[in-house]
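Subject: Structure handover

Dear colleague,

I am passing on to you the structure we spoke about, with the sequence alongside. Please open it before reading the notes, which are meant for someone who has not seen it before.

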Amino acid sequence: MKFACRTRGTAAPQGKPRVFLTGHPADLPACSEDIFTDILNIQDCAVYYDEESDAPCDKEALLQELEQMQLLVIPVTSRFLYQPNRSRDVEFPFAMERHIPVLPLMQEEGLEADFNRICGDLQMLNKQDPDPTALPYAEKLSKFLASVLVGDELARKVRAAFDAYVFLSYRKKDRRYAQDLMRLIHKNEFCRDIAIWYDEFLVPGENFNEAIADAMKRCSLFTLAVTPNIVEPGNYVMRLEYPEAKKAGKPILPAELIPTDREALKQSFPDLPPCADAGDEGAFSDALLQAVQKLAPGENDDDPEHNFFIGLAYLNGIDVEVDRDRALTLITGSAESGVPEAMEQLVHMYRNGDGAARDYHTAARWQERYADYWRRQYEQSGAREDGERWGTALYVLGSYQKELGNLSAAGQTYEQLLALNQKFLDLYKDAQAQERLADSCDCLGDICGAEGRLDDAKNFYLQSLTLHQKLYDQDKASQTARWGLCGSYDLLGDICEKEKKPDEAERYYLQSLELARQLYKEEKTRTVLSRRDLATIYTAMGNVRLAQGNKEEARNCYRQSFDLYRALCEDAGNLEDLNFAAIVCFNMGYASEGELQKSMFTHAFQMWDMLCRKCPDVAFYARRRDQAKRALDSADRKKEKTLNHD
């Protein structure tokens, strides 16, 4: 095991949120640099990794290091899922057991179902998300990192909440004993709000003298972890840290963790006070209380906001050891006392499995309380900013309720959101209010569509279309306005398809297609997502033409869609694009006859067969492949029957 670290501009990692990048050793060389760049561009953190992840290691030492991490990032590949590796078999289960958040980054398409089967129901990110309506990857990553890692400004508030600082001095080879000592100190409730500085995760070769000197100035107590290693000649603690503490006049508390030669201690550390026996918890607690009683007044122990910050410290290991149980207790108490930031933090904790067992229902309940807090704030202040916070909280709550299958509750939440956004539009009459109202109409349309109330869904989508049309009329050059209008036409086309009204669906799809073509032709928007969006609409148009009985036009639309997906496959090698290309071929088979039909079914079969070989455990591709084989056999029987008849 050889831990290394990456930070912004090679800055020192001390005090930064700790992220651990792990995965199958064969995958990491190809994807690590991109992941380092993506994370560090967004978050000022320290990303650790094991340079010898394919070598045997001290499992206990590895897990001790992992326990102090705030996040595990895992590039998900076929190798990670299907081949034995330390990341999947040791590090990932440990993170789940200890409620350390895990961020799976999909590196190959078509693995989602197997990842959930093997690793559980985790949120995952895909840089090449095939959904053209999805949020950009960078925005999703930014939101996720913000939900599990503490930023600089919040970290400063957390550090300001501590009553005092203790400097923990120890030999590097005694790290595990130092961590035991930290836990022993904080086991005493009177030390809960005392921070402990120690040289966390120092990278060999770094110049950390300045960091240690600064910590020495801030600390009010110098604690020495005493083991036989501390008396080895010439070590850093003996040469620099202890003399500096004596020079600064710091109170000194030596804690004996392993019996150590007293004469050697006396010679190596002149004037060292008597050691407190760390093995005798009662005696150690008395010595500790005597040392810190003047340092920690404990005046804020009943302040919910103060306790929220201390809870964050234990959750994220900010100048204390990670203690997720204590963090959950403190943050929950703050939330129950009405601190909105604590409510929001609990939502993230329960959704991400961060310091608590993942529980989407509990997360939704706290999101409901968070939304209600901002409702009360808005009703009291009338400020647009408070109202928008309430609206955002409602939007998130509705998405959680929908995710849990509670469509009725989600519908009620979105109705509140619609009423609020309608009020904003009446009051402010600006583009932002129009966009928010259109979004809430789409949300309600989605709920109605999921419940089978197609007429109601269409009415909401038509309201959204009207709003997007106004935005487009105000600024026809706006890409945002055109994408919004394009999306509205597409949603209405989908509803008309479900209503078995292909002619009406055609009208909406044609309007969506025209806008999508315009956006695609503009070089600056010719992205993977714009190509997928255009391909999706061509596929929908092909389905409509086929339903109308116009097979020639259906084939033309399918060819356009297939060409886009094929180009995407060639550019990115994305498995999901290959799947969509196979679907288009399969559909084109039903729009064709004779040899062309057989050719299309054959191509579809071959593509799904290739996906089955790449992802052998993904049953979806096998079902598709079998479906294509049956269609091909049926076409052969049909041809044979025709020949026999002739």
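What follows is an account of the sheets, the cores, one buried alanine, the cysteines and one helix.

Please keep in mind that this is a predicted model.

I begin with the two sheets. One is an open sheet of six strands, in the order E1-E3-E2-E4-E5-E6 and with mixed pairing, and its edges are strand E1 (3-6) and strand E6 (125-126), each of which pairs on one side only. Within this sheet, strand E2 (residues 18-21) and strand E4 (residues 71-76) are joined in the parallel sense by three bridges, and Leu21 stands opposite Val73 of E4.

The other is an open sheet of five strands with parallel pairing, ordered E8-E7-E9-E10-E11, where strand E8 (194-197) and strand E11 (276-277) are the edge strands. Strand E7 (residues 164-169) runs parallel to E8 and is joined to it by four bridges; Ala164, for instance, has Ile194 in E8 as its bridge partner. Helix H8 (residues 175-186) lies across E7, E8, strand E9 (221-226) and strand E10 (252-256), at about 170 degrees to E8, while helix H12 (residues 281-292) packs on the sheet by touching E8, E9, E10 and E11, with its direction at about 165 degrees to that of E10.

A residue worth finding in this sheet is Ala255, which is in strand E10. Is Ala255 buried or exposed? Its relative accessibility is 0%, so Ala255 counts as buried, and, leaving aside residues up to four places away in sequence, Ala255 touches Leu181, Leu224, Ala225, Val226, Ala276 and Phe284. By contrast, 52 Å separate the C-alpha atoms of Ala255 and Glu385, which are 130 residues apart along the chain.

Turning to the nonpolar cores, the largest has 134 residues, and the members that touch the most others are Phe269 and Trp608; helix H25 (residues 575-590) contributes the most to this core, with nine residues. If residues up to four places away in sequence are not counted, Phe269 touches Leu224, Ile230, Val237, Met238 and Tyr242. Another core, of 24 residues, lies apart from the largest one, and Ala46, Met69, Ile74 and Phe115 are among its members. As background, nonpolar side chains in soluble globular proteins tend to be buried together.

As for the cysteines, a search of the whole structure finds zero disulfides. Why is Cys219 not bonded to Cys191? The closest cysteine sulfur to that of Cys219 is in Cys191, and because the two are 14 Å apart they are too far for a bond; Cys219 is also buried, with a relative accessible area of 3%. Cys448 is likewise in no disulfide, the nearest cysteine sulfur being that of Cys441, 11 Å away, and at 2% relative accessibility Cys448 counts as buried.

The last item is helix H15 (residues 340-352), whose 13 residues reach 18 Å from the first C-alpha to the last, close to the 18 Å expected at 1.5 Å a residue. H15 is mostly covered, with ten of its 13 residues buried, including Met343, Leu346, Val347 and Tyr350. The elements that cover these buried residues include helix H6 (137-148), helix H13 (304-316), helix H14 (324-336), helix H16 (360-381) and helix H17 (384-403). Just after H15 comes Gly353, which takes a positive phi of about 65 degrees.

With best wishes

Conventions. Residues are numbered from 1 along each chain as its sequence is written. This is a predicted model: local features need pLDDT of at least 70, side-chain atom pairs count only at pLDDT 80 or more; totals for chains, interfaces and linings use all residues. Side-chain values use heavy atoms; hydrogens and water are left out. Two strands pair if DSSP finds at least two bridges between them. Contact means heavy atoms within 4.5 Å. Axes are lines fitted to C-alpha atoms, for helices over the stretch in contact, and angles run from 0 to 180 degrees between N-to-C directions. A nonpolar core is a set of buried Ala, Val, Leu, Ile, Met, Phe, Trp, Tyr and Cys residues joined through side-chain atoms within 4.5 Å. Buried means under 20% relative accessible area, exposed over 50%, partly exposed in between (1.4 Å probe, protein chains only). A disulfide is a pair of cysteine sulfur atoms within 2.5 Å. The expected span of a helix is 1.5 Å times one less than its number of residues.
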